[in-house]
Amino acid sequence: MLGKTHIAFSLGLSSIPIFAYHHFYSPLDSIFLGQFYACVAFGAILPDIDEPNSLLGKKTLFISHIIKAITGHRGLTHSLFFIVCIFLLAFLFSNFSLLIFGIALGVFLHILGDMMTFSGVPILLPFSQKKFYALPKFLRFKTGGIIDKSIALLSFIPFIYCNKLILI
């Protein structure tokens with residue numbers, strides 16, 4: 001998936017449980033909501049720090065080159081190990097745990113999105129390099145193709161709808 005698609009996909013999917021939480025459990029204020037979505041969006045592009053030409057890779061310059069040289073693209077930053085590390089940060093920094101949870105959620109949704117492409121993801125690194133997929137072969141798509149861009153566009157529907165109802 002493209003960086004824009006990762007952000008849209010993650011925001012769209014994360015807005016559904018946020019909407020349910022807001023309406024059925026406890027109302028969320030708009031400042032927290034903005035911070036949470038910013039963390040989800042950041043998490044949605046964080047795994048691609050291993051690619052110098054990605055949205056985040058272009059901003060981190062030499063860091064992304066070092067990570068790519070060590071792990072390659074779609075390496076350790078696209079694994080369950082990486083997600084667990086993000087969740088551990090949530091426990092270490094409990095004051096920001098919901099925001100770190102937003103980052104971890106974005107990372108998880110990024111990996112799920114990449115598992116829908118032809119390339120797949122070695123989600124069990126460092127224990128196995130086998131690639132895993134979220135979709136059967138005939139439904140997988142090419143990164144940057146029409147399906148990728150359509151997912152980005154369609155993902156904004158639940159995001160806009162759910163947040164419109166929250167902010168009313």
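Contact means heavy atoms within 4.5 Å. The model is predicted: local features need pLDDT of at least 70, side-chain atom pairs count only at pLDDT 80 or more, and totals for chains, interfaces and linings use all residues. Residues are numbered from 1 along each chain as its sequence is written, and side-chain values use heavy atoms, without hydrogens and water.

**Exercise 1. Place Y21 and find what it touches.**

Step 1. Find the helix. Y21 sits in helix α1, residues 3–24. Helices are DSSP runs (H or I, at least four residues), numbered from the N terminus.

Step 2. Classify the exposure. Y21 is partly exposed because its relative accessible area is 37%. The classes are buried under 20%, exposed over 50%, and partly exposed in between (1.4 Å probe, protein chains only).

Step 3. List the contacts. Leaving out residues up to four places away in sequence, Y21 touches S26 and L28.

Step 4. Check the distance to T117. The C-alpha atoms of Y21 and T117 are separated by 31 Å. Along the chain, these residues are 96 apart.

**Exercise 2. Classify F62 and name its nonpolar surface patch.**

Step 1. F62 lies in helix α4, residues 62–71.

Step 2. F62 has a relative accessible area of 58%, so F62 is exposed.

Step 3. L61, F62, I63, I66 and I70 make a nonpolar surface patch of about 550 Å². Patch residues have over 30% relative accessible area and no salt bridge (Lys or Arg side-chain nitrogen within 4 Å of an Asp or Glu carboxyl oxygen). Nonpolar side chains are joined within 5 Å, like charges within 9 Å.

Terms used. Accessible areas come from the Shrake-Rupley method with a 1.4 Å probe; for residues, only the protein chains shown count as cover. Helices (H or I, at least four residues) and strands (E, at least two) are DSSP runs, numbered from the N terminus.
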